[in-house]
Amino acid sequence: MALTIGVDIGGTKIAAGVVDEEGSILERVKLATPKDSGQVAATIAEAVNTVRQGHEVEAVGLGAAGFVSADRATVLFAANMSWRNEPLQDRIGALVDLPVVVENDANVAAWGEARFGAGNGKDNVVMLTIGTGVGGGVIIDGRLLRGHFGIGAELGHYRVQPGGLLCGCGQHGCLEQYASGSALTRLVKAGAARNPEKAKLLLSLGDGTPEGVLGSHITAAAREGDPVALEGFADVSIWIGQAMADMTAILDPGVFILGGGVSEAGEILAGPAREHYQKVAPATGQRPLADVVTATLGPDAGIIGAADLARDR
């Protein structure tokens, strides 16, 4: 059985694993991401060479946050690594002596979920990764949608509110300013500041102040029925539901997968998002609609998806 290695390159950690054709991880390692971007390639190579010991490996797939060129070779732009036109395929290939393909990190996670996780069996899949920002990946007719320049499916950066909140991309009103973990935290902190008595449970999980509220506190409080936390999830879910309705008009997917750290809240997020999506989707009641599910592979989706995409080179 052909084995490949998938590498998930994050801002704080680099995770690598040997993956078989069934999507099972046979060997894995996790290393800290160097603060010096110039040292990242060496750390990726170290991770690959560590997990490949004792395995016949055919290729390596890299999942990197940022814009990746159409030929899957170069990271054109990555804010968290300060990479600009980084020839990552050539650098890593020279260090590990294996074929290497590079892909956007949200794309590889979407591919992993589509092939082996929550989207298994569906040819038309949209995944929204709800974390600090909003990422995404789109699979149409069984193939990853990358676009002409290779940087398609930046779903967090389509504008849902003209003239809205300033986004890190430089534009105003992008989806991730309203539907991300950062947006959820902003909304809930504001709600707790307005009505601390109502947010008593939420505040008790932190240092007692709205400023001390973390994303993990919000999810935990929502599970315990904290009204301010639940209101925050409801607000974010409306934006997600509307985004799915808009994407349905264009892509007509069979399933939407909600991934990323915020999706760990499960139905607290997915339930209201699904309900709003079904209410506002075009021609609702007159057409079939996509399923709305949460991701099942967790943090392994990037490793599994990158490894599987390395087989297509």
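## Exercises on helix H8 and its surroundings

Just after H8, aspartate 252 has a positive phi of about 50°. Helices (H or I, at least four residues) and strands (E, at least two) are DSSP runs, numbered from the N terminus. The model is predicted: local features need pLDDT of at least 70, side-chain atom pairs count only at pLDDT 80 or more, and totals for chains, interfaces and linings use all residues. Residues are numbered from 1 along each chain as its sequence is written, and side-chain values use heavy atoms, with hydrogens and water left out.

**Exercise 1. Check the length of H8 against its expected span.**

Step 1. The expected span is 1.5 Å times one less than the number of residues.
Step 2. H8 covers residues 227-251, which is 25 residues, so the span should be 36 Å.
Step 3. The end C-alpha atoms of H8 lie 35 Å apart, which agrees.
Step 4. Now look at the start of H8. A side-chain oxygen of aspartate 226 comes to within 3.1 Å of the backbone nitrogen of valine 228. A polar contact is a pair of N or O atoms within 3.5 Å; within protein, one must be able to donate a hydrogen and the other to accept it, and residues adjacent in sequence count only if both atoms are side-chain atoms.

**Exercise 2. Describe how H8 and H9 pack.**

Step 1. Two packed helices are described by the angle between their axes and the distance between the axes.
Step 2. Axes are lines fitted to C-alpha atoms, for helices over the stretch in contact, and angles run from 0 to 180 degrees between N-to-C directions.
Step 3. H8 and H9 (residues 267-280) pack at about 45°, with axes 7 Å apart.
Step 4. H8 and H9 are therefore oblique to each other. The classes are: under 35 degrees roughly parallel, over 145 roughly antiparallel, 65 to 115 roughly perpendicular, and the rest oblique.
Step 5. The crossing of H8 and H9 is right-handed (near helix turned clockwise from the far one; left-handed if anticlockwise by less than a right angle).
Step 6. Contact (heavy atoms within 4.5 Å) involves residues including Phe233, Ile240 and Met244 of H8 and Leu269, Ala273 and Tyr277 of H9.

**Exercise 3. Place H8 on its sheet.**

Step 1. Five strands form an open sheet in the order E11-E10-E9-E12-E13, with mixed pairing. Two strands pair if DSSP finds at least two bridges between them.
Step 2. E11 (143-144) and E13 (291-294) are the edge strands, each pairing on one side only.
Step 3. E9 (residues 125-130) and E12 (residues 255-259) run parallel, joined by five bridges. Methionine 127 has isoleucine 257 in E12 as its bridge partner.
Step 4. H8 packs on this sheet and touches E9, E10 (134-140), E12 and E13. The direction of H8 makes about 155° with that of E9.

**Exercise 4. Work out the E5-E6-E7 sheet.**

Step 1. The three strands form an open sheet in that order, with antiparallel pairing.
Step 2. E5 (67-68) and E7 (83-86) each have a single partner strand, so one side of each is left without a neighbour in the sheet.
Step 3. Three bridges join E6 (residues 75-78) to E7. Valine 75 stands opposite glutamate 86, and alanine 78 opposite tryptophan 83.
Step 4. E6 and E7 form a hairpin with four residues between them, and serine 82 in the turn has a positive phi of about 55°.
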